[in-house]
Amino acid sequence: MAERALTRVHSLPIPEENRKTLADGAFSEILRASQEAIVLPPWMALAVRPRPGVWEYIRVNVHALVVEELTVAEYLRFKEELVDGSSNANFTLELDFEPFNASFPRPTLSKSIGNGVEFLNRHLSAKLFHDKESMHPLLEFLKVHCHKGKNMMLNDRIQNLNSLQRVLRKAEEYLVTLPAETPYAEFEHKFQEIGLERGWGDMAERVHEMIQLLLDLLEAPDPCTLEKFLGRIPMVFNVVVYILDQVRALENEMLHRIKQQGLNITPRILIITRLLPDAVGTTCGQRLEKVYGTEYSDILRVPFRTEKGIVRKWISRFEVWPYLETYTEDVAHEISKELQGKPDLIIGNYSDGNVVASLLAHKLGVTQCTIAHALEKTKYPDSDIYWKKLEDKYHFSCQFTADLIAMNHTDFIITSTFQEIAGSKDTVGQYESHTAFTLPGLYRVVHGIDVFDPKFNIVSPGAD
């Protein structure tokens, strides 16, 4: 009997004698696009990837030369039989995250992968600007936008789009009479009387630019103007992050924006990590530590805790999983004390940090950003189907589950390159490898992550 096997391929070899007859055929194209082959005689199942992010599954009966299309679940069942046989094939937990995002717009072209903001701006523009009344959701947002209970942008003197447009024109006429560098404070009272609050800018010139942007949106909207206007609305003042890198740049950018927005708000950045009471000779046992070279950024350390008390020693990143839910509750409490409220944005990094960020964002109702940093699934070949062999050392079942939760819960994902998301013509991307996979005996993922999801955004290393 032929041997069962799993083979990963860039393209399957074609025997020399058959090469000429198959070279121009459809089956040849299928073989070239195949990434994986599973041999379970008399069947050979193929995972076909015609282009980045797009997958199809088939099986070929090598005796009868019959080709059949497979569902994702059917293909994954073939993989499971390699490991566990077919004894539990009908009683496997299937995870499908697609229904949770089914109504969300997404591109279909591979070249659009990683350009989520650009795509959503175009989509939102087309939807919002069908007619003037379609701007109503933006008006409602500006009316309720506030910081610590204090209105920003608009107050209750503006009730509808017509009054907003009248006020903006009146403000524009007044601003052109002022020197460009006139401080906002000199005309703040006048603006409040007509319905405009702080947040438009710190001086007459910037306020004028912002008001012109909104007038343009009301008159002749386009995606570029929408993106520019939304990007200037003051929204992020308190940030929780997991990594130290780039915090200085982040603080400088926040201070710069707050100044240009004409606001008197002190930002705060908290870097959340573990407190290690027994880390003698380091600051890892210190609850709060100022980040060198910053004014408003601190490292906030919270210990791991069990019912027996605080975990005092360092633990490998592969062993942290049992502690993270309790850790999240403790972090939420400590953040609340430090900020006297909740953050505006939570940025997670790496698998453990991302799942904590997801739990925090869900608990607090806060926008979440995910940065994978490293996805172990692609670093260890076949670490999904042979997870049991690696479980004692690496606990990949927990890590892959955490990655799935974070990827699907987060509001947006920052990556460095297109290749990180969707690979290339011949190689599978780190995120793409989570599209469909199985942990035999635990669960199978029929739809884990969609690389066409507009939450993916590429920010090249070194970019602002």
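Two strands are said to pair if DSSP finds at least two bridges between them. In this predicted model, strand 4, which covers residues 54-61, and strand 5, which covers residues 66-70, meet that condition with five bridges and pair in the antiparallel sense. Within this pair, isoleucine 58 stands opposite glutamate 69 of strand 5. The hairpin that the two strands make has four residues between them, and leucine 65 takes a positive phi there, near 55 degrees.

Further along the chain, three strands form an open sheet in the order 6-19-18, with mixed pairing. Strand 6 (94-96) and strand 18 (437-439) stand at the edges, and because each has a single partner strand, one side of each is left without a neighbour in the sheet. On average, neighbouring strands of this sheet are turned by 20 degrees against each other, direction ignored. Strand 18 pairs with strand 19 (residues 443-447) in the antiparallel sense over three bridges, and in this pair leucine 439 stands opposite tyrosine 443 of strand 19. Helix 16, made of residues 396-409, packs on the sheet and touches strand 6, strand 18 and strand 19, while its direction makes about 25 degrees with that of strand 19.

Helix 16 also has a helical partner. Its axis and that of helix 13 (residues 350-364) come within 8 Å and cross at roughly 45 degrees, an angle that is neither under 35 nor in the range 65 to 115, and the two helices are therefore oblique to each other. The crossing is left-handed. Among the residues that meet here are Tyr350 and Val355 in helix 13, and Ala402 and Ile405 in helix 16; the residues of this contact divide into six nonpolar, six polar and one charged.

Definitions and conventions
Residues numbered from 1 in each chain as written. Predicted model: local features only at pLDDT ≥ 70, side-chain atom pairs only at ≥ 80, totals over all residues. Heavy atoms only, no water. Axes fitted to C-alpha atoms, helices over the stretch in contact; angles between N-to-C directions. Contact = heavy atoms within 4.5 Å. Parallel < 35°, antiparallel > 145°, perpendicular 65-115°, else oblique. Left-handed = near helix turned anticlockwise from the far one by under 90°. Nonpolar A, V, L, I, M, F, W, Y, C, P; charged D, E, K, R; others polar.
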